[in-house]
Amino acid sequence: MKFAYEHQGDILYQVENYKFRYQGVEKANIELMYFLDDEAYAFQFNINDNLIPEEFRCSANNNRDLCEKISVDFQEFAGTFSSKQKALQAAITMVSKIIIQYSKVKPLW
């Protein structure tokens, strides 16, 4: 789909909301954005865990500083994703790494 916009930067996108449970405990809200013009996805998240430093609780997939701090390849997270599954998997990966690194929760596996 392509839409005619009035201004540069105008964009129409669909939003889906998800909740992520880590080790059975609800830890994050994930907002998946579907950009209709490009048929591409991106995400942002909000982690609900006061043990995690505030600067890591809320972010998006294209945050270069965050990617460096949690040791993920920024190139894999920058921009948009070609499918809903790829975007959601990247969100799970990013949120899980933050939880493991900053909340002192040890993975069960």
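User: Which residues have the most contacts inside the largest nonpolar core?
Analyst: Those are Phe 43, Phe 45, Met 94 and Ile 98, in a core of 29 residues. Keep in mind that this is a predicted model.

User: OK. Which elements give two or more residues to this core?
Analyst: The list is S1, S2, S3, H2, helix H3 (74-77) and H4. H4 supplies the largest share, with 9 residues.

User: Let's zoom in on Ile 98. What is in contact with it, leaving aside neighbours within four places in sequence?
Analyst: Ile 98 touches Phe 45, Ile 47, Ile 52, Phe 56, Leu 66, Ile 70 and Ser 103.

User: Phe 56 is in there. I'm curious about rings now, so how many aromatic pairs does the structure hold?
Analyst: There are 5 aromatic pairs. In one of them, the rings of Tyr 34 and Tyr 41 have centres 4.7 Å apart and planes at 35°, so that pair counts as tilted.

User: Are those two tyrosines buried or exposed?
Analyst: Tyr 34 and Tyr 41 are both buried.

User: And how do Phe 56 and Tyr 102 sit relative to each other?
Analyst: Their ring centres are 4.1 Å apart with the planes at 15°; since planes under 30 degrees apart count as stacked, this pair is stacked. Phe 56 belongs to helix H1 (residues 54-57) and Tyr 102 to helix H4 (residues 84-102), so the pair ties together parts that are 46 residues apart in sequence.

User: Buried or exposed, those two?
Analyst: Phe 56 and Tyr 102 are both buried.

User: Switching to strands. How many residues of S3 are buried?
Analyst: 6 of the 8 are buried, so S3 is largely enclosed by the rest of the structure.

User: What does S3 pair with?
Analyst: S3 pairs with S2 in the antiparallel sense, over 8 bridges. S3 is also joined to strand S4 (residues 58-60) by 3 bridges, again antiparallel.

User: Which residue in S4 is the bridge partner of Phe 45?
Analyst: That would be Ser 59. Phe 45 is also one of the residues with the most contacts inside the largest core, and it is in contact with Ile 98.

User: Back to the S2 side. What stands opposite Ala 40 of S3?
Analyst: Phe 35 does. S2 and S3 make a hairpin with 4 residues between them.

User: Which residue in that turn has a positive phi?
Analyst: Glu 39, at about 50°. Glu 39 is not a glycine, and its place is in the loop between S2 and strand S3 (40-47).

User: Gln 23 caught my eye too. What is its phi, and where is it found?
Analyst: Phi of Gln 23 is near 50°, again a positive value in a residue other than glycine. Gln 23 is in the loop between strand S1 (13-22) and strand S2 (25-35). With a relative accessible area of 34%, Gln 23 is partly exposed.

User: Last topic: where does Arg 64 sit?
Analyst: Arg 64 is in helix H2 (residues 64-69). At 45% relative accessibility, Arg 64 counts as partly exposed, because exposed means over 50%.

User: What is the C-alpha separation between Arg 64 and Phe 74?
Analyst: The C-alpha atoms are separated by 5.9 Å, for two residues 10 apart along the chain.

Notes. Residues numbered from 1 in each chain as written. Predicted model: local features only at pLDDT ≥ 70, side-chain atom pairs only at ≥ 80, totals over all residues. Heavy atoms only, no water. Phe/Tyr/Trp six-rings, centres within 6.5 Å; stacked < 30°, edge-to-face > 60°. Buried < 20%, exposed > 50% of the residue type's maximum accessible area, 1.4 Å probe, protein only. Core = buried A, V, L, I, M, F, W, Y, C linked by side-chain atoms within 4.5 Å. Contact = heavy atoms within 4.5 Å. Pairing = 2+ DSSP bridges.
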